[in-house]
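Let's take a friendly walk through a protein model, one piece at a time. Have the sequence and the 3D view ready as you read.

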Amino acid sequence: MLLDRHADRVYAVCRRVLVNREDARDAAQEALLAITRGIGRYDGRAQFTTWMYRVATNAALDEARRLRRRPEPVDAVDAVPAAVAGAADLATSVTDRLVLDAALLELAPDYRAAVALRDLVGLDYAEIARVLDIPIGTVRSRIARGRSKLADTLGNQTEGSDRPTGTS
């Protein structure tokens, strides 16, 4: 029952760290197995979800390390039927997701994990520090650098933005 309640969140973390759906499913399965095997080591000092995110993040980072040794698979995009109501919005949404996934692939796994835990899961900096077992300053740095790299990769897509672009 505990795994059923949290499986979607475990997968979501793995999906953002790994981007590829199949790799994320593999990592999520490993994370759920690790949670099952290691539940006796959960000491209650942190929230269960914090511990769970740590296990999931570690499983995803382990999978990312394994993936570096083999060619990266390519996701196939399903065709969107034109007759579907809102197909244009769906197509735009799918395209945006693919662009974001490609940009996330440009990030180092450590940056990707920190950004995913903050922006996808909504953890605060202290929780991310506990999940990743790193100092809070390192969390801030990884998130800032990860977001900066994402902004560079995606480009400044906000029209009329007053934000500096780094060019003169």
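Here is a short tour, from the overall layout down to single residues.

## The big picture

What you see is a predicted model. The protein has seven helices and zero strands. If you follow the chain along the sequence, the pattern reads α-α-α-α-α-α-α.

How much of the protein counts as buried? Of its 168 residues, 33% do. Contacts also link parts of the chain that are far apart in sequence: among contacts between residues at least 6 apart, 65% join residues at least 24 apart.

## Helix H2 and its two sides

Find helix H2, which covers residues 21-38 and so has 18 residues. From its first C-alpha to its last, H2 reaches 25 Å, close to the 26 Å expected at 1.5 Å a residue. Asn20 caps the N-terminal end of this helix, with a side-chain oxygen 2.9 Å from the backbone nitrogen of Glu22.

Which residues of H2 are buried? They are Asp23, Ala24, Ala27, Ala28, Ala31, Ile35 and Gly38. These residues cover an arc of only 135° around the axis, which puts them on the same side of H2. A general rule helps here: an α-helix has 3.6 residues a turn, so residues three or four places apart point the same way. What covers the buried residues of H2 includes helix H1 (2-18) and helix H3 (48-67). On the other side of H2, Gln29 and Arg37 are exposed.

## Two residues of helix H1

His6 is found in helix H1. Is His6 buried or exposed? Its relative accessibility is 7%, and the cut-off for buried is under 20%, so His6 counts as buried. Setting aside neighbours within four places in sequence, His6 is in contact with Phe48, Thr49 and Met52.

Val17 lies in H1 too. With a relative accessibility of 0%, Val17 also counts as buried. Leaving out neighbours within four places in sequence, Val17 is in contact with Ala60, Leu61, Arg112 and Ala113. Now look for Pro109: Val17 and Pro109 are 92 residues apart in sequence, yet their C-alpha atoms are 6.4 Å apart in space.

## Helix H5 crossing helix H7

Two packed helices are described by the angle between their axes and the distance between the axes. Try this with helix H5 (residues 109-120) and H7, whose axes come within 8 Å and cross at roughly 95°. That makes H5 roughly perpendicular to H7. Where they meet, H5 brings Asp110, Tyr111, Ala114, Val115, Arg118 and Asp119, while H7 brings Arg142, Ile143, Arg145, Gly146, Arg147 and Leu150.

Ala108 sits in the loop between helix H4 (87-105) and H5. At 37% relative accessibility, Ala108 counts as partly exposed. Although 38 residues separate Ala108 and Gly146 in sequence, their C-alpha atoms are 8.2 Å apart in space.

## Helix H6 and its partners

Helix H6 (residues 125-132) also packs with helix H7 (residues 136-154), at an angle of about 100° and with the axes 8 Å apart. H6 and H7 are therefore roughly perpendicular to each other. On the H6 side of this meeting are Tyr125, Ala126, Ile128, Ala129 and Leu132. On the H7 side are Ile136, Val139, Arg140, Arg142, Ile143 and Arg147.

At the start of H6, a side-chain oxygen of Asp124 reaches to within 3.1 Å of the backbone nitrogen of Ala126. The buried residues of this helix are Glu127, Ile128, Ala129, Val131 and Leu132. What covers these buried residues includes H3, H5 and H7.

## A residue with a positive phi

Which residue follows H6? That is Asp133, and its phi is positive, near 55°. Most residues other than glycine have a negative phi, and most peptide bonds are trans. Asp133 has its positive phi although it is not a glycine.

Asp133 lies in the loop between H6 and H7. Is Asp133 buried or exposed? With a relative accessible area of 54%, Asp133 is exposed.

Notes: Residues numbered from 1 in each chain as written. Predicted model: local features only at pLDDT ≥ 70, side-chain atom pairs only at ≥ 80, totals over all residues. Heavy atoms only, no water. Helix = DSSP H or I, 4+ residues; strand = E, 2+ residues; numbered from the N terminus. Expected span 1.5 Å × (residues − 1). Buried < 20%, exposed > 50% of the residue type's maximum accessible area, 1.4 Å probe, protein only. Arc of directions from axis to C-beta. Contact = heavy atoms within 4.5 Å. Polar contact = N/O pair within 3.5 Å; in protein donor to acceptor, adjacent residues only side chain to side chain. Axes fitted to C-alpha atoms, helices over the stretch in contact; angles between N-to-C directions. Parallel < 35°, antiparallel > 145°, perpendicular 65-115°, else oblique.
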